[in-house]
Amino acid sequence: MWIAGCGGATGPVLLGLLLELLVPGGGAAKTGAGLVTCGSVLKLLNTHHRVRLHSHDIKYGSGSGQQSVTGVESSDDANSYWRIRGGSEGGCPRGSPVRCGQAVRLTHVLTGKNLHTHHFPSPLSNNQEVSAFGEDGEGDDLDLWTVRCSGQHWEREAAVRFQHVGTSVFLSVTGEQYGSPIRGQHEVHGMPSANTYNTWKAMEGIFIKPSVEPSAGHDEL
Amino acid sequence: MAPQNLSTFCLLLLYLIGAVIAGRDFYKILGVPRSASIKDIKKAYRKLALQLHPDRNPDDPQAQEKFQDLGAAYEVLSDSEKRKQYDTYGEEGLKDGHQSSHGDIFSHFFGDFGFMFGGTPRQQDRNIPRGSDIIVDLEVTLEEVYAGNFVEVVRNKPVARQAPGKRKCNCRQEMRTTQLGPGRFQMTQEVVCDECPNVKLVNEERTLEVEIEPGVRDGMEYPFIGEGEILIVDFYCPNFLHPIFERRGDDLYTNVTISLVESLVGFEMAITHLDGHKVHISRDKITRPGAKLWKKGEGLPNFDNNNIKGSLIITFDVDFPKEQLTEEAREGIKRLLKQGSVQKVYNGLQGY
């Protein structure tokens, strides 16, 4: 049984090594150090307006009345941390690199609510309202966002887009700012088209390195 | 001195020189066999680093040296390239000298705290922005709870670094007295600042090792204490069920379905445990549906003492034949089992 197992494994492993040699910039790909993986906690920076995706225990005064999601200029706020999780329970184990085109959930660490959007107008620009919804990481089908990027996997250095699975809008910031009680924070909303306002880059956080399967003890042949 | 003593002395001296030149035995320093896995090496390092840290051994003059040796041993043996070179050529066979300071390796496992061993926490410089505490929920598998594991993470955070020039700090209001003329003074309020070295925030990255210790329970925290901030890793076993085992504390529960024949005549089987080893079960008596078998020591390791393990509790259920039995089979069974009709009627719910 083990002979077949070990023999079977060498095929794909050799192929994998060949591919790594062929892919340019294979250094980062080899260790996987530059990839965003499920279970990682990070801050996202909107590359155009230089604000970080943020949420807090303040509800929208209009629209859905759910918890608001904004963009903040500060790089130092614990409320800007989001956790990347798979689309369904068990769908993306800890340490799996997120693929371009994969649907993920972004859970706000401090409030346990998921990044969410729906057919409500946003308060300042009348685009689509983006809110934080759910309890302890459990929300609903409108919590899914497809990571749009070029290449195979979401790389930390890359600017990516988040396209909503249910309504197809892109997570965007176009510059409108709120007044009191969240003065200076930017509106985050959904827009139908891909443009310079909806690219985001992973910044500060804890990135779990892609894991190697621990061997369950095997006999040497 | 007698020639015998002289030659022994020379031999001893040569041996000592030889031992020094040959370099340190890193495997011995870590207390692991030459075949140790990377996981064993990390585990051994972590245990010894806490014991040998100089802050913990203020009375030992060799504490610093022992600690350095430990760091060097880990640095070489945890890197597959360096380990190969070391295994073949010994310590001098290593291409470049050890670059990273032991402090770096230590903080990969424990964070940068100076006050862990009972000292006072460093004074917070109020002018440098405080980083934010961050809690990471780390999903662990039941296999990892059984055998333990190390998870490598990269921490990216803004760090205050020296920048050229000066900046204003400790700004405060002060009353200034100016003389307008003989006997005439004016008191004004002024903002007065000190000059401090300029700092800027730069995003820096560092690799940290989080250990999943065997027996870890949901909600347990693993703190990394950095400069002015705390990173807490919160372990949890995800909601979805493990296909084979169910955890209750340190015990594991599992179910086995056996056939009607096996329940009556006995059977032998093996259950594959979380780390691949087999748990053998052998029955030669009748096994009733719902019967439980306790296998002591086959549960999960206790977090506080890994040598103590809980139990594996196996509950059997019996698979009854699906097709109806033929007339011949029915007669045959009545004859073989020699059982009369029972048909006892009673209250089975007993108030539940």
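Is B:Asp87 buried, partly exposed or exposed, and what is its relative accessibility? Select B:Asp87 in your viewer and keep this question in mind, for the tour comes back to that residue after a look at the two chains.

**Before you start**

This is a predicted model, in which local features need pLDDT of at least 70 and side-chain atom pairs count only at pLDDT 80 or more, while totals for chains, interfaces and linings use all residues. Residues are numbered from 1 along each chain as its sequence is written, chains are lettered from A and ligands numbered from 1 in the order in which they are written, and side-chain values use heavy atoms, with hydrogens and water left out.

**Chain A**

Select chain A and colour by secondary structure: you should find two helices and 13 strands, where helices (H or I, at least four residues) and strands (E, at least two) are DSSP runs, numbered from the N terminus. Of the 221 residues in chain A, 46% are buried; here buried means under 20% relative accessible area, exposed means over 50%, and partly exposed lies in between, with a 1.4 Å probe and protein chains only. The accessible surface of chain A is about 10300 Å², and carbon and sulfur atoms hold 56% of that surface; such areas come from the Shrake-Rupley method with a 1.4 Å probe, and for residues only the protein chains shown count as cover.

Next, select residues 33–87, 95–150 and 151–205 of chain A, which UniProt, in an unreviewed entry, lists under "domain: MIR". UniProt positions are given in the numbering used here, feature names are shortened, and annotations may be inferred rather than shown by experiment. In residues 95–150 of chain A, the end C-alpha atoms lie 20 Å apart, and the span is 43% strand and 0% helix. In residues 151–205 of chain A, the end C-alpha atoms are 23 Å apart, with 36% strand and 0% helix.

**Chain B and its J domain**

Now move to chain B, whose secondary structure comes to nine helices and 11 strands, and of whose 352 residues 33% count as buried. Within chain B, select residues 25–90, where UniProt, again in an unreviewed entry, places "domain: J". This span of chain B is 68% helix and 0% strand, and its end C-alpha atoms lie 8 Å apart.

**Salt bridges around the helices**

A salt bridge is a side-chain nitrogen of Lys or Arg within 4 Å of a carboxyl oxygen of Asp or Glu, and the whole structure holds 20 of them over all chains. Show the side chains of B:Asp69 and B:Arg24, which meet in a salt bridge with N to O at 2.5 Å. B:Asp69 sits in helix H4 (residues 63–77) of chain B, whereas B:Arg24 is in the loop between helix H1 (3–22) and helix H2 (26–30), 45 residues apart. B:Asp69 is buried at 17% relative accessibility, while B:Arg24 is partly exposed at 27%.

Return to B:Asp87, which forms a salt bridge with B:Arg34 (3.6 Å, N to O). This pair links helix H5 (residues 80–89) of chain B, which holds B:Asp87, to the loop between H2 and H3, which holds B:Arg34, across 53 residues. The opening question can now be answered: B:Asp87 counts as partly exposed, at 37% relative accessibility.

**Helix H3**

Select residues 38–52 of chain B, which form helix H3, with 15 residues. Among its buried residues are B:Ile41, B:Tyr45, B:Arg46 and B:Leu48. Now show B:Arg46 with B:Glu211, a salt bridge whose closest N and O atoms are 2.3 Å apart. Because B:Arg46 lies in helix H3 and B:Glu211 in strand E3 (residues 184–212) of chain B, the pair ties together parts that are 165 residues apart in sequence. B:Arg46 is buried at 12% relative accessibility, and B:Glu211 is buried at 5%. Add B:Lys43 and B:Glu213 to the selection, and you have four residues linked in a network of salt bridges, together with B:Arg46 and B:Glu211.

**Last stop: helix H8**

Finally, select residues 260–265 of chain B, which make up helix H8 and include B:Val265. B:Val265 is exposed, with a relative accessible area of 57%, whereas B:Ser263, also found in helix H8, is buried at 4%. Beyond its neighbours within four places in sequence, B:Ser263 is in contact (heavy atoms within 4.5 Å) with residues including B:Ile258, B:Lys285 and B:Val318.

Technical notes:
The expected span of a helix is 1.5 Å times one less than its number of residues.
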